Amino acid sequence: MQVLGSNELVEDVLKRDFCIGCGACVNLCPYFKSYHGKTAMLFPCTLEQGQCFAYCPKVEVDFDELSSTLLGRPYVASELGDHHEVLISRAGDEAEQGLFQAGGTVSALVSFALKTGQIDAAALTDREGVIPVPRLVTDPEEVLKCASSKFTAAPTLSVLNQGRRDGYKSIGVVGTPCQVMAVAQMRLNPLGKENFQDAAGLVIGLFCTWAVDTRRLSALLSERLDAGGIRKMDMPPPPSELLVIDTGQGKVEIPLDEIRPLVPTGCQICPDMTSEWADVSVGVLEGRPDWNTLIIRTDKGRELIEGATKKGLLVTEPIPEKNLSALRTASMNKKKRALAQARDRRVLNRNEDGNRSALRIANETLEKILE
Ligand SMILES: Cc1cc2nc3c(=O)[nH]c(=O)nc-3n(C[C@H](O)[C@H](O)[C@H](O)COP(=O)(O)OP(=O)(O)OC[C@H]3O[C@@H](n4cnc5c(N)ncnc54)[C@H](O)[C@@H]3O)c2cc1C
Ligand code: SF4
Ligand code: SF4
């Protein structure tokens with residue numbers, strides 16, 4: 001992996017408008033800050049190599065290196081990434097009920113992992129109006145306050161970095177695929193630190209097709225509703241084509257045609273829909289809004305699911321073939337779209353004239369995906 005410094009990060013990511021505001025470069029040093037969805041470098045830094053560049057999911061992400069280090073083999077062209085099993089799930093009767101986005105699988109799993117001590121803190125995303133607010137949660141009771149999706153890109157990883165500095169040793173992370181990719185890059189120990197310890201004790205990835213820019217959504221909604229009262233947002237499955245906002249006093253519907261122009265450029269070159277580098281990945285389930293789709297990827301993920309199920313905190317069922325097939329197609333379509341975009345924008349596998357790439361994927365793997 002090519003690791004450079006903050007000046008190259010600013011050139012390649014912030015100035016190209018690829019920044020997704022994930023927070024991976026925030027709270028590592030005093031220079032990078034995130035405010036209301038925007039990440040900025042406040043002061044110049046002269047280091048030639050930085051954690052900020054190394055962790056960023058929008059510059060020099062090398063899929064073979066990630067896969068070889070984390071899975072022991074080069075990256076292969078598959079729809080859903082490495083996994084043991086795909087199921088459907090929801091929070092069980094023994095789990096505390098909350099204002100979940102769908103089945104509450106994520107909240108149930110985070111609470112369980114905190115209660116059993118598998119993690120000593122969790123990096124979650126709360127909301128203040130439209131603004132997504134990262135929270136490092138240590139009390140299982142606090143997990144429910146962060147339930148439900150904020151469809152704006154969030155600087156969640158800033159609290160993972162803060163938690164590591166504060167001495168937490170096993171932090172659970174709930175994140176979108178770009179955030180999960182940044183955590184995977186942290187796990188590579190890209191700067192070769194001595195006594196390196198992987199502080200991410202558990203990674204629960206969300207599915208994501210795209211997010212919305214926080215500032216642009218704020219501006220749009222300021223004309224339509226009092227953002228302070230927002231309780232929940234949802235995008236019901238097609239053919240609805242709506243963002244539905246529960247304001248606490250009723251529902252406001254906004255056509256997705258008005259929302260799509262607010263999607264950040266960084267989402268257009270994002271090939272991962274299902275958080276391929278997570279321990280478990282969770283999405284919605286079409287046709288059953290109070291259930292989730294659940295992908296178990298690692299042994300750690302399997303133990304978590306088995307433990308939570310035994311305690312009645314989670315219920316699982318086999319996934320219907322129709323849903324699995326639709327998931328595979330949607331995920332592969334996102335890869336094809338994003339890699340074609342990255343190629344057309346000249347940020348894929350670029351080697352000539354010293355230019356850096358956003359993504360690197362072996363040519364034969366790329367051909368299989370794009371065929
Ligand atoms: C931007 C975005 C786009 C998504 N797109 C899709 C999609 O295309 N298809 C699909 O199947 N599912 C998508 N999801 C996932 C889906 O909305 C649910 O998060 C998932 O099904 C889990 O549901 P749950 O009921 O288990 O979550 P809950 O138990 O309600 O918990 C939700 C968790 O999500 C975390 N969270 C909320 N907002 C964010 C955020 N912006 N960034 C990081 N973490 C956050 C919270 O910390 C909380 O722990 C998306 C989620 C987000 C945030
Ligand atoms: S994408 Fe994330 S790591 Fe990269 S510059 Fe933006 S906030 Fe920082
Ligand atoms: S589409 Fe990709 S880059 Fe955009 S928020 Fe989702 S995971 Fe992140």
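This is a chat about a predicted model of a protein and the residues around its ligands.

Student: How many helices and strands does the protein have?
Tutor: The predicted model has 13 helices and 15 strands, and its C-alpha atoms fill a box of roughly 55 × 50 × 45 Å along the principal axes.

Student: What is the radius of gyration, and what would a compact globule have?
Tutor: The protein has a radius of gyration of 19 Å, and because a compact globule of 371 residues would have one near 21 Å, the value agrees with that picture. Buried residues make up 49% of the 371 residues, and of the contacts between residues at least 6 apart in sequence, 70% join residues at least 24 apart.

Student: OK, the core next. Which residues touch the most other members of the largest nonpolar core?
Tutor: That core has 112 residues, and the ones touching the most other members are C56, L109, A122, I171, A182 and I204. The core draws at least three residues from each of domain 1 (6-213 + 263-370) and domain 2 (214-262). As a general point, nonpolar side chains in soluble globular proteins tend to be buried together.

Student: Staying with C56, what is it in contact with?
Tutor: Once its neighbours within four places in sequence are left aside, C56 is in contact with L9, V13, A24, C25 and A182. C56 also appears at ligand 2, where the closest of the 15 surrounding residues are C19, C22, A24, C25 and C56.

Student: Which helix gives the largest share of that ligand 2 shell?
Tutor: Helix α1 (residues 6-14) does, with three residues. By class, the shell around ligand 2 has eleven nonpolar, three polar and one charged residues.

Student: Switching to ligand 1, how many residues surround it, and which are closest?
Tutor: Ligand 1 is surrounded by 33 residues, with V106, S107, L124, T209 and G283 the closest. At least two residues of this shell come from each of α4 (105-116), β5 (121-128), β7 (171-175) and β12 (280-284), and α4 gives the most, with four residues.

Student: And what classes are in the ligand 1 shell?
Tutor: The shell around ligand 1 has 17 nonpolar, 15 polar and one charged residues.

Student: Last one, which residues are around ligand 3?
Tutor: They are I20, A153, T176, P177, C178, C208, W210, A211, G266, C267 and C270. The elements that give two or more residues to this shell are α7 (177-187) and α10 (265-268). By class, the ligand 3 shell has nine nonpolar and two polar residues, with no charged residues.

Conventions: Residues are numbered from 1 along each chain as its sequence is written. Chains are lettered from A and ligands numbered from 1 in the order in which they are written. This is a predicted model: local features need pLDDT of at least 70, side-chain atom pairs count only at pLDDT 80 or more; totals for chains, interfaces and linings use all residues. The radius of gyration is taken over C-alpha atoms; the globule rule is 2.2 Å times the number of residues to the power 0.38. A residue is buried if 20 or more other C-beta atoms lie within 10 Å of its own, exposed if 12 or fewer, and partly exposed in between; C-beta atoms are placed from the backbone. Two residues are in contact if their C-beta atoms, placed from the backbone, lie within 7 Å. A residue is near a molecule or strand if its C-beta atom, placed from the backbone, lies within 6 Å of it. Ala, Val, Leu, Ile, Met, Phe, Trp, Tyr, Cys and Pro count as nonpolar, Asp, Glu, Lys and Arg as charged, and the others, Gly among them, as polar. A nonpolar core is a set of buried Ala, Val, Leu, Ile, Met, Phe, Trp, Tyr and Cys residues joined through C-beta atoms within 7 Å. Domain bounds come from an automatic or database domain assignment.
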